[in-house]
Amino acid sequence: MNMATRPLIAGNWKMNGTGAGIEELARLKTLLEEAGTVESDIVVCPPATLIHRAAQTVEGGPIRIGGQDCHSSVNGAHTGDISAAMLLDAGASHVILGHSERRADHGETDSIVRSKCEAALSGGLIPIVCVGETETERGEGNANQVVAEQLRGSLPEHFGNTPIVVAYEPIWAIGTGKTATPADIEEMHGHIRELLIERFGRSGEAARLLYGGSVKSDNAGTILSTPNVNGALVGGASLKANDFFSIIVAA
Ligand SMILES: O=C[C@H](O)COP(=O)(O)O
């Protein structure tokens, strides 16, 4: 962990969770209250249908709420979409953008992710921008180049005063139980850090770089103590309060 930066542990519920999920969130809040001081920033990103209830549930505690996507427009004829202003209004402070599942399922290109990122920033949200290579790209030795290209295309020119958050999620590690080795994570996060500094100067130095892909309570300690890892983006293990709490404790 880069000690200069307070870690960020973000949970992405993906398309999971109905009202019962809110009980898990309430339980997480209680676990954190019982534990006392929390050393990390915590964000939970439930499906859009639960954002408002989730925000009410965590009120007064350390958990913040995020969306899983937003549209690049403020409003308009975009059936089924949700804007940054709507997320903010529902109680969100963050939004995950460019997740590989959206890039794959919805054909989101880097330039679409960039427009969404700009919309999120002007709407007052903190974007968590995801990048990551496929197994083939890594096997062919192209992981660094692929991630560099995604970053170049997906991030806006300026973040203003909003702190930068980038999540490195090797696609082959998502939901598979496989994780990148600490050496590979260190190398990739070092590479991302250099690219961010080159482009954003001091903001790049202070950016939080999250690792995502099969983070669980038993590997979180090792991953989170890797240089240039400033937190985690957790999928499956964020659905149960106990599991997610253990990861927060590891940070
Ligand atoms: O956004 C979260 C990532 O896709 C990781 O998911 P996972 O922890 O289930 O592998």
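Here are legends for a handful of close-up views of this predicted model.

**View 1. The two residues that UniProt marks as "active site".** The unreviewed UniProt entry puts this feature at His99 and Glu169. They are spread over 71 residues of sequence, yet they cluster in space, with a largest C-alpha distance of 8.5 Å. Look for the largest cavity here too: His99 and Glu169 both belong to its lining. The pair also touch each other, since Glu169 turns up among the contacts of His99.

**View 2. Zooming in on His99.** His99 sits in the loop that runs between β4 (94–97) and α4 (100–105). Is His99 buried or exposed? Its relative accessibility is 4%, so His99 counts as buried. Leaving aside residues up to four places away in sequence, His99 touches Asn12, Lys14, Cys130, Glu169 and Ile174. There's a polar link to spot as well: a polar atom of the His99 side chain lies 2.9 Å from the backbone nitrogen of Glu101.

**View 3. Zooming in on Glu169.** This residue is in a loop as well, the one between β6 (165–168) and α8 (182–200). With a relative accessible area of just 5%, under the 20% cut-off, Glu169 is buried. What does Glu169 touch, not counting residues up to four places away in sequence? The list runs to His99, Cys130, Val131, Gly132, Glu133, Ile174, Gly212, Gly213 and Leu233. Cys130 and Ile174 are on the contact list of His99 and on that of Glu169.

**View 4. Strand β2 and its two parallel neighbours.** Strand β2 covers residues 41–45, and because four of its five residues are buried, it is largely enclosed by the rest of the structure. On one pairing, β2 runs parallel to strand β1 (residues 8–12) over five bridges; Ile9 has Ile42 of β2 as its bridge partner. On the other, β2 pairs with strand β3 (residues 63–67), again in the parallel sense, over three bridges. Here Val43 is matched with Arg64 of β3.

**View 5. Following the chain from β1 to β3.** Start at β1, go through helix α1 (residues 19–35) and arrive at β2: that's a right-handed β-α-β unit. Carry on from β2 through helix α2 (residues 51–58) to β3, and this crossover is right-handed too.

**View 6. Glu135, out on helix α6.** Glu135 is part of helix α6, which spans residues 135–139. How accessible is Glu135? At 47% relative accessibility, Glu135 counts as partly exposed, because that value falls between the 20% and 50% cut-offs. Its contacts, again not counting residues up to four places away in sequence, are Trp172 and Lys178. For a sense of scale, pick out Gly204: Glu135 and Gly204 are 69 residues apart in sequence and 27 Å apart in space, C-alpha to C-alpha.

Methods:
Residues numbered from 1 in each chain as written. Predicted model: local features only at pLDDT ≥ 70, side-chain atom pairs only at ≥ 80, totals over all residues. Heavy atoms only, no water. UniProt positions renumbered as here; feature names shortened; annotations may be inferred. 1 Å grid on protein atoms, 1.4 Å probe; cavity = no way out; pocket = protein on both sides within 12 Å on 5 of 7 lines; lining within 4 Å. Buried < 20%, exposed > 50% of the residue type's maximum accessible area, 1.4 Å probe, protein only. Contact = heavy atoms within 4.5 Å. Polar contact = N/O pair within 3.5 Å; in protein donor to acceptor, adjacent residues only side chain to side chain. Pairing = 2+ DSSP bridges. Right-handed = clockwise from strand over helix to strand, strands pointing away.
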